[in-house]
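Biologist: Could you take me through one part of this model up close? I'd like to hear about chain B, from how its pieces sit together down to a single residue.

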Amino acid sequence: MKPAPFVHHAPRTVEEAVAVLAEVGHDGKVLAGGQSLIPILNMRLASPGHLVDVNHVSGLGDITITPEAVRVGALVRHSGLERSEAAHAALPLLRQAVVNVAHPAIRNRGTTVGSIVHADAAGEMPAVLALCDGTVEVVGANGIREIGWHDFFLGALETVLRPDELAVAARFNRMPPGTGTAFAESARRSGDYALAGVAVALTVTDGVVSAAWASFVSVTDVPSVLDLTPVVGGHEARSGSFDNALDRAAEAVREHVAPETDIHASADYRRMLVAELTRRALPLAALHATSPANDSFEVERRGAPTRSLTNPSFDHHRVV
Amino acid sequence: MSTRLFGTPIKRKEDPRLVTGGGRYLDDLGHDALAAAFVRSPHAHARVVDIDADDAFELDGVLGIYAHDDLPGKVGEPLPLLIPHPALTHGRTGYALAREEVNHVGEPLVMVVATDRYVAEDACQRIRVRYEPLPVVVGIESARDGAAVVHPDVPGNVAAHLTQVVGDVDAALATAPHTLTLELDIERSASTPLEGRGVYAQWDDERDELRMYSSTQTSTGVRAAVAAKLDLPLAKVECIAPDVGGGFGVKIMHPWPEEVLVPWAARLLRQPVKWVEDRREHFVSAAHERGQLHTVTVGFDDDGHLLALDVKFWHDNGAYTPYGIIVPIITATQLLGPYKPGAYRVEFWSLYTNTVLVTPYRGAGRPQGCFAMERTMDAIADRLGLDRAQVRARNFILPSEMPYDHGLLFQDGRPLKYDSGDFPATLNKLKALVGWDDFATERAAAVAQGRKVGLGIGCYVEGTGVGPYEGSHVQVETSGRVNVSIGLTSQGQGHETVFAQIVADELGVRMEDVFVTTGDTRKMGYAVGTFASRAAVMSGSAVALAARRVRAKALRIAADALEVSPDDLEIVEGTVQVKGAPATSMTLGTVSVLSNPLRYAFDEATQAATQFAGTFDPQKPPVAEGEEPGLEGKDFYSPTQATFANGMHAAIVETDPVTAEIRILRYCVVHDCGPMINPMIVEGQVHGGVAQGVGGALYERMVYDDSGQLLNASFMDFLMPYASEVPTIETDHLETPSPLNPLGIKGAGEAGCIPVSAVIASAIEDAEGFPITRMPISPADLWALRRRYAAGEIRPLRRASHPSESAARAEEPTP
């Protein structure tokens, strides 16, 4: 398990990086955190002739909060995003989701933007980008462009990025006032790729659900957002009628997703699972929408007691 | 002696070194060595048509590329069949490099030696092999069917067929008031030590000598096999097991192709060569275990007493049988656990498949047997509406019946005769620990919350400490330092600690003065290896015997010097002294000086042993007749039979009513390995075993597709449990001594993993209300079973296994 020979490039600026990428074209790969790329190279599943290592490029390591969005630079590690109080305050979903990305050691190296660009259907952060109606900032030989999430993903492990382009940031839009979010996933082992996962957002206006939407992990080949407003909208949050609407939300999710069978679970199981996770996550989002103070770091830390509403003692999967 | 160390939970001597990065594992050695890498078959079954390595030779840094044609003499002959057996009528072993046919994905075909592993792998990628694919046999059903065969000269893929019978099973079944038949399935798993295999060989061209290091569980076995293969005198081969990062069975198998080829290449190239296995190689070219299908028919009376047990099982032995049929023999015999089976017939077929070969993995056939027996016990309880623990207790062999001879032949070719154990006491401890009798209340509370919980149980007996022998050498230096050598290897079990504990007690020295060396053929040439939970029993006993010899010699020499009788002497903290008059004394270091009469002193202390010192009686020879110089002794322990440890586990499991996710709420272990040398190490062994058992029960499987590709050959997809998946393990111990060895001890290494699949299946079945017959089980599997159950395709349990439920059930009319 040793990689095939490659040329290592270590540009210091975005311009240099883009110039190298333009030069090496399809024979080049960007190396950031390397948590997916290095194993692929070691197993010789890919043998690019050039690695463009962007770890020394300046200006890519910042998290910037604006009234509209949280902008995450290409060298922000998952753990940096996880620990950023400012990002958490601005958009709690980020931490709710990122703690589910693999294990701490991987989060310490892996980058959030890298995970989005890798476009793995089992990645958490592409689903989060979608739920936030986010964008990816890209610099190429022809300048800067900003690509909306909807246009960014082409298929599993496939995006619209051109060989000469470097993704320099992801922009996660903040939620409308009165919106709560939650993230839930279930994996075979702690930190594994999820069998299924869901990110939900739910807006409460004057005590009534005015909007709800969800995006998914491991059950759609590219991120997709399902509008659940038609099924849970109009109900008083955390009321009996809201609870009844959850079953219809689960049904809508079941119909929306297109999971595949693999060695860990059947497609049918994943369909059931993601529907159930949604059913359990929506009330939590409603809770967050109505009492944001509950949304503290402690309850989101992996291993903390879960708040699965049907089953208070059960923490096998995480609902945060 | 002051405080006895035997039985004390002292911290492990080796840990400060190991946990601070001081370990010297195989890949920590030989940084300048050449690197070997292998081209391995991508086909499960194929004829090798052509190998073209021309492009690879052109790479800078490639020193050699070898295929089977290049292997001379015995190196090119089939690898040895380690444990022949009369029933193994069609034993087959592979070649170090495949000759004309490959029989599993991962089988080595070509070895490349290059300046480093990167270049070696580059070269491998350039080698083109043409194959002619052959029909593939994957899985027991396909092997049993026999439409395709792995080896053309092995009809029906049957490597071995063995039946053992005690009593008249057919008659007992015919007259039994009740009979049941169960079809059971255990899938493949593997040892998967965190350090894979590895070999590093140095050839000394001036002396014609080979020194090799291998990450092995048997350095003596590897040494003998390599000497034979390479046609070298044994005296010219040294084999050392450095620190080894786990074995769990896979490293007792030997010689691996690489263990022959790497030394051969080192001699050929006259340069050190090293091969360190990577993870993918380990999955596809080391060994797996477990895979068996069982059909159990049992006859029993109204009280649940076994009258007859008729077991047929099919064992997947993979592509070759170098380790013989040890695994299915263990299954066939250890299946019986703590029970008297009535009449017993066990018949197995060991079958070839085009998959990685099968050799013992911790538990070594017992988890499968335990699963079959314990599922049967639960089924009997369910059929009769009896408490599951009670049915077990009714069939126990009682302490008064020990030693108990089952009338079968065990894996060591000797009678399966239990030496010790108090099974009713073990069960009582377990029931108290888990709260067996109160579980009905717990369950009712959970059910009221909409939760599903279940309680499971599993009992086992484990034959440990099999022969033929182990030995030890103990030596006291003039400084008082005590050197202990054992030939058996260590893979992290704490041998440096427990054997030092034994020697410190036996010799009367301080623990910190004792230094243990393991698995180095330069220090101890006669040894068997670390497997079958045998290190403590075999080497522990040998160490005690050797230390006793040294002690006796020390007392003889000191008695002479102090002019007292040896009977009046004792040794306390390294000083030999007169009992009741400790001022009359000499240190063991001084005794060591006197034990070796000198012409040349090498320090002040040793001047006492020189010829003009007046120490020795001029009328006697300096070394007395019958004595040897040096304060040292050697002894061997060779028992007539294995010693039998036992244990019982219980678990409380919760299953999510919707998602079918499975969570172990409590896991309780009661274990009896006799007197514990170091209870902390025993607990550690039990914990590790349970962790591997949980892997086998809920996470790990080897997923082969129909073409023989292993689909999950990485730790991303082979789900070895993390610490987060392993429950807190509650333990209690019983210490029933074995009458068979000087310390009364029994083995503990494998125990933890043996009953886990049985226990978890029992608990899930209890939570769900329908039978669980196949392990491992994932949430998706359980969810699919629930759907089949809801569709009426699976019959329900009678749900009578709990006192509260039997009471409730008693009020209902019997269906």
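**A close look at chain B**

Modeller: Sure. In this predicted model, 13 residues of domain 1 of chain B are in contact with 16 residues of domain 3 of chain B. On the domain 1 side, two elements give two or more residues each: helix H6 (219-229) and strand E11 (237-240) of chain B. H6(B) has the largest share there, with four residues. Sort that domain 1 side by class and you get five nonpolar, six polar and two charged residues.

To place those pieces, here is how chain B is divided. Domain 1 takes in 32-134 + 197-244 + 251-285, domain 2 covers 364-465 + 640-810, and domain 3 is 468-637. Although domains 1 and 3 of chain B touch, their C-alpha centres lie 41 Å apart.

Chain B also meets its partner: 30 of its residues are in contact with 23 residues of chain A. Helices H3 (117-126), H8 (279-285) and H19 (779-790) of chain B each put at least two residues into that side. H3(B) gives the most, namely five residues. As for the make-up of the chain B side, it has 13 charged, 11 nonpolar and six polar residues.

Now for a pair of helices. H9 (residues 326-334) and H10 (residues 366-384) of chain B have axes that come within 8 Å and cross at roughly 30 degrees. That angle is under 35 degrees, so H9(B) and H10(B) count as roughly parallel to each other. The crossing of H9(B) past H10(B) is right-handed. At the meeting place, H9(B) brings Ile330(B), Thr331(B) and Gln334(B), while H10(B) brings Arg366(B), Gln368(B) and Gly369(B). By class, that contact has four polar residues, one nonpolar and one charged.

Last stop, a single residue: Asn395(B), which lies in helix H11 (residues 388-395) of chain B. Is Asn395(B) buried or exposed? Asn395(B) has 23 C-beta neighbours inside 10 Å, and the cut-off for buried is 20 or more, so Asn395(B) counts as buried. Setting aside neighbours within four places in sequence, the residues in contact with Asn395(B) are His305(B), Leu306(B), Tyr339(B) and Lys340(B). Asp717(B), by contrast, is 322 residues from Asn395(B) along the chain, and the C-alpha atoms of the two are separated by 41 Å.

Methods:
Residues are numbered from 1 along each chain as its sequence is written. Chains are lettered from A and ligands numbered from 1 in the order in which they are written. This is a predicted model: local features need pLDDT of at least 70, side-chain atom pairs count only at pLDDT 80 or more; totals for chains, interfaces and linings use all residues. Two residues are in contact if their C-beta atoms, placed from the backbone, lie within 7 Å. Ala, Val, Leu, Ile, Met, Phe, Trp, Tyr, Cys and Pro count as nonpolar, Asp, Glu, Lys and Arg as charged, and the others, Gly among them, as polar. Domain bounds come from an automatic or database domain assignment. A residue is buried if 20 or more other C-beta atoms lie within 10 Å of its own, exposed if 12 or fewer, and partly exposed in between; C-beta atoms are placed from the backbone. Axes are lines fitted to C-alpha atoms, for helices over the stretch in contact, and angles run from 0 to 180 degrees between N-to-C directions. Angles under 35 degrees count as roughly parallel, over 145 as roughly antiparallel, 65 to 115 as roughly perpendicular and the rest as oblique. A crossing is left-handed if the near helix is turned anticlockwise from the far one by less than a right angle, and right-handed if clockwise.
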